[in-house]
Amino acid sequence: MQEAMIKRAKELLADGTVDRVIGWKKGEFVYDHTPAVFTSAQDIEENFVCDELTSANLSKYLVKETVREGKVLAFLKPCDTYSFNQLVKEHRIDREKVYVIGIPGGPKLDIEKIKAKGITGILSVKNENYTLKIDTLYGASEMPFYEAVSEKCANCKSKKHVVYDELIGEDGDVLDSGRFETVEKLENMTAQERYDFWRSELSKCIRCNACRNVCPACTCEKCVFDNPSSGVENKAAADSFEENMFHIIRAFHVAGRCTDCGECSRVCPQNIPLHLLNRKFIKDINELYGTYQAGENTTDKAPLNDYKMDDCEANVVHERGVE
Amino acid sequence: MFRKITSEKLDQFFQSISAKQSLYIPVDREDGAAEFRKYTNGMKLSNALNTVRSAKDFFFPQTENLAAFKMEGKKIEVKDIREECEDFVIFGVRGCDARSFDILDKVYLVDPVDSFYKNRREHGTVVTMACTHPSETCFCTAFGIDPTMPGGDVTAFPDGDGFFLMANTEKGEKLIADINDLLEDGDTEKLNAVQENTRNVLKKLPLADLSTESFGGERLNELFNSDKWAGLSESCLGCGTCTFVCPTCQCYDIKDFNTGDGIVRFRCWDSCMYSDFTKMAHGNPRVSQLERFRQRFMHKLVYFPANNNGEFGCVGCGRCLQKCPISMNIVKVMKALEVK
């Protein structure tokens with residue numbers, strides 16, 4: 001697939017359809033690929049990579065890219081197309097300035113899951129019939145492929161591309177994923193258990209803002225938490241609950257717009273399962289306002305931006321909160 | 001002198017240290033990552049090469065209260081609200097993090113001395129741990145660090161069946177004297193083999209040839225004006241992950257917090273990646289992410305050595321290589337900017 005992508009990128013650059021290409025660039029190791037913009041066929045030939053470790057969602061970069069002159073070719077996985085549509089809907093991406101090639105999605109691997117098995121000194125990772133053969137400084141190791149699949153792919157919601165100009169490979173379907181199972185477990189806890197769970201997870205936060213900065217739903221020009229005039233701008237927590245508030249507020253702000261792309265949890269240096277906060281909102285919206293998938297198209301009115309006579313009443317919060 | 005604590009006596013060893021002072025050891029969290037935690041009975045020492053957060057937290061915590069102010073009429077009362085620091089021991093600090101303390105010392109213990117930092121340094125005893133399984137992301141040797149001889153007040157050398165302990169300072173000797181009953185003379189044959197093996201692995205690390213030759217104060221203008229920064233910083237998210245997991249990042253901000261009853265002045269880690277970093281009355285000297293990104297690497301590779309006899313502000317721990325959300329890091333920067 002990487003060869004087909006490189007070939008197409010070079011063709012579209014050569015015939016002037018686009019003047020640059022956003023993709024992933026090879027790194028020092030087998031897993032540290034960086035999102036990058038390519039402008040020459042030579043650069044693409046030498047450095048472009050797309051494999052089981054190119055997880056990063058490129059859609060948010062198109063906010064910045066489409067402010068520039070010219071047209072950019074973007075390779076989008078199915079999940080990335082939802083983020084793309086949502087950003088088009090919010091008038092953050094100029095659709096006319098992007099040529100979208102849909103590419104098959106994962107499952108992508110999470111190198112941290114390999115390292116968590118105690119495998120260190122990783123030199124290469126190869127998938128042979130869904131067994132990962134890992135060459136390390138300390139000899140060969142192997143592990144089942146599916147044990148190293150990233151969280152966002154393990155609970156993939158859709159293999160369907162909701163937007164594209166052309167496809168490489170085949171389009172898939174919306175999947176019946178088990179992505180709400182963990183949310184249900186949390187719902188079935190007592191309030192105290194749930195509180196303890198989130199306190200323990202969120203207190204690991206180091207306020208690096210990686211979740212916010214990678215999030216395609218967080219595209220404010222100036223985040224309230226970065227604005228010294230806001231009164232809540234802080235690099236440090238004033239008390240031990242503040243990191244918790246930061247994440248709760250962020251989850252509220254992206255509610256109804258989060259497509260569940262999973263980038264927040266992927267980038268968290270402290271492995272906080274932030275996506276569960278967003279999934280709880282998605283699940284609630286589905287239950288209270290009817291099934292809704294943000295980014296599915298660019299035209300639907302979002303439930304939280306709309307009003308219908310049969311919308312749930314505000315007291316639902318109270319009713320659902322009773323144990 | 002080399003004395004050994006065997007694996008069977010490790011719990012006793014930790015217990016007897018923690019009976020006298022707070023002891024912190026790296027432990028595995030449920031999510032598989034390691035972090036330093038205050039030792040309580042039954043805690044198990046992590047086998048991880050490194051903790052997510054570095055050991056700098058012990059001397060330079062993420063937030064720290066400095067002073068409190070209270071107004072009464074036209075009088076302002078200023079209170080020193082620093083917390084009393086008691087003696088503590090950090091066990092299991094790797095050579096990279098141990099070197100980071102030297103770097104922080106060069107910032108905080110020079111005139112004007114930072115009394116908060118100094119106080120913590122004086123109360124802390126550092127027990128380092130020699131590395132046996134360096135990772136592909138390790139490059140401490142590029143900065144002259146020998147991870148098999150990591151220094152600190154005491155060095156622990158694992159031989160697969162416990163640790164040999166060596167005191168390097170007076171503080172270290174005191175710590176060992178206190179637990180001397182638990183130690184025994186051990187055969188160092190296995191240890192020598194372990195060390196030899198580690199040295200061989202170090203030579204084979206993918207980043208073993210990383211060179212610092214091209215960096216330092218002499219190339220300031222050339223490096224500052226390099227056209228490579230645009231490409232390198234292009235996909236930087238502007239988050240603070242690299243700076244907050246970094247053992248040598250030392251910048252902080254001072255802020256006032258209105259408690260409703262007065263003002264508490266505190267400091268907190270700052271990140272040059274953030275948009276309000278070094279924001280002053282006239283505005284912000286670095287308005288683009290390119291400039292902020294460049295600042296981080298120029299500081300470590302050019303400004304710091306220029307001011308500190310050539311010593312670089314990086315210890316090669318590899319945390320930024322592992323944790324950057326977009327996998328951009330100091331190694332990629334060095335390779336892009338080096339003169340071949």
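In this predicted model, helices and strands are DSSP runs, a helix having at least four residues and a strand at least two, and both are numbered from the N terminus.

**Exercise 1. Overall form of chain B**

Determine how many helices and strands chain B has, and state how its radius of gyration stands against the globule rule.

*Solution.* Step 1: chain B contains 11 helices and 11 strands. Step 2: for 340 residues the globule rule gives 20 Å, and the radius of gyration of chain B is close to this at 22 Å, so chain B is as compact as a globular protein of that length. Step 3: along the principal axes, the C-alpha atoms of chain B fill a box of roughly 65 × 65 × 40 Å. Step 4: buried residues amount to 42% of the 340. Step 5: of the contacts in chain B with a separation of 6 or more, 69% link residues 24 or more positions apart.

**Exercise 2. Overall form of chain A**

Carry out the corresponding description for chain A, and give its domain assignment.

*Solution.* Step 1: chain A has 13 helices and eight strands. Step 2: its radius of gyration is 21 Å, which agrees with the value near 20 Å for a compact globule of 323 residues. Step 3: the C-alpha trace of chain A spans about 60 × 50 × 45 Å along its principal axes. Step 4: 40% of the 323 residues are buried, and residues 24 or more positions apart supply 65% of the contacts with a separation of 6 or more. Step 5: the assignment divides chain A into domain 1 (1–107 + 158–176), domain 2 (111–148) and domain 3 (178–323). Step 6: between the C-alpha centres of domain 2 and domain 3 of chain A there are 33 Å.

**Exercise 3. The three-stranded sheet of chain A**

Establish the strand order of the open sheet in chain A, and explain which strands stand at its edges.

*Solution.* Step 1: the three strands have the order 5-6-7, with antiparallel pairing. Step 2: strand 5 (122–128) and strand 7 (139–144) of chain A each have a single partner strand, so one side of each lacks a neighbour in the sheet, and these two are the edges. Step 3: neighbouring strands of this sheet are turned by 20° against each other on average, direction ignored. Step 4: six bridges connect strand 5 with strand 6 (residues 131–136) of chain A, and A:N127 has A:L132 in strand 6 as its bridge partner. Step 5: strand 6 and strand 7 of chain A are also joined by six bridges, with A:T131 opposite A:P144. Step 6: strand 6 and strand 7 of chain A form a hairpin with two residues between them. Step 7: zero of the six residues of strand 7 of chain A are buried, so this strand lies largely in the open.

**Exercise 4. Strand 11 of chain B and the contact with chain A**

Identify the strands that pair with strand 11 of chain B, and describe the side of chain B that touches chain A.

*Solution.* Step 1: strand 4 (residues 63–72) of chain B runs antiparallel to strand 11 of chain B and is joined to it by six bridges; B:T63 has B:C268 as its bridge partner. Step 2: strand 10 of chain B is likewise antiparallel to strand 11 of chain B, over seven bridges, and B:N258 stands opposite B:I263. Step 3: strand 10 and strand 11 of chain B form a hairpin with four residues between them, where B:G260 in the turn has a positive phi of about 90°. Step 4: between the chains, 39 residues of chain B are in contact with 34 residues of chain A. Step 5: the elements giving two or more residues to this side of chain B include strand 10 (252–258), strand 11 (263–269) and helix 11 (330–337). Step 6: by class, this side of chain B has 18 nonpolar, 11 polar and 10 charged residues.

**Exercise 5. Two residues with positive phi**

Decide whether A:H91 and B:S327 are buried or exposed.

*Solution.* Step 1: a residue is buried if 20 or more other C-beta atoms lie within 10 Å of its own, and exposed if 12 or fewer do. Step 2: A:H91, with phi near 60°, is in the loop between helix 4 (78–89) and strand 4 of chain A. Step 3: A:H91 has 9 C-beta neighbours inside 10 Å and therefore counts as exposed. Step 4: B:S327, with phi of about 55°, is in the loop between helix 10 and helix 11 of chain B. Step 5: B:S327 has 24 other C-beta atoms within 10 Å and is therefore buried.

Methods
Residues are numbered from 1 along each chain as its sequence is written. Chains are lettered from A and ligands numbered from 1 in the order in which they are written. This is a predicted model: local features need pLDDT of at least 70, side-chain atom pairs count only at pLDDT 80 or more; totals for chains, interfaces and linings use all residues. The radius of gyration is taken over C-alpha atoms; the globule rule is 2.2 Å times the number of residues to the power 0.38. Two residues are in contact if their C-beta atoms, placed from the backbone, lie within 7 Å. Two strands pair if DSSP finds at least two bridges between them. Axes are lines fitted to C-alpha atoms, for helices over the stretch in contact, and angles run from 0 to 180 degrees between N-to-C directions. Ala, Val, Leu, Ile, Met, Phe, Trp, Tyr, Cys and Pro count as nonpolar, Asp, Glu, Lys and Arg as charged, and the others, Gly among them, as polar. Domain bounds come from an automatic or database domain assignment.
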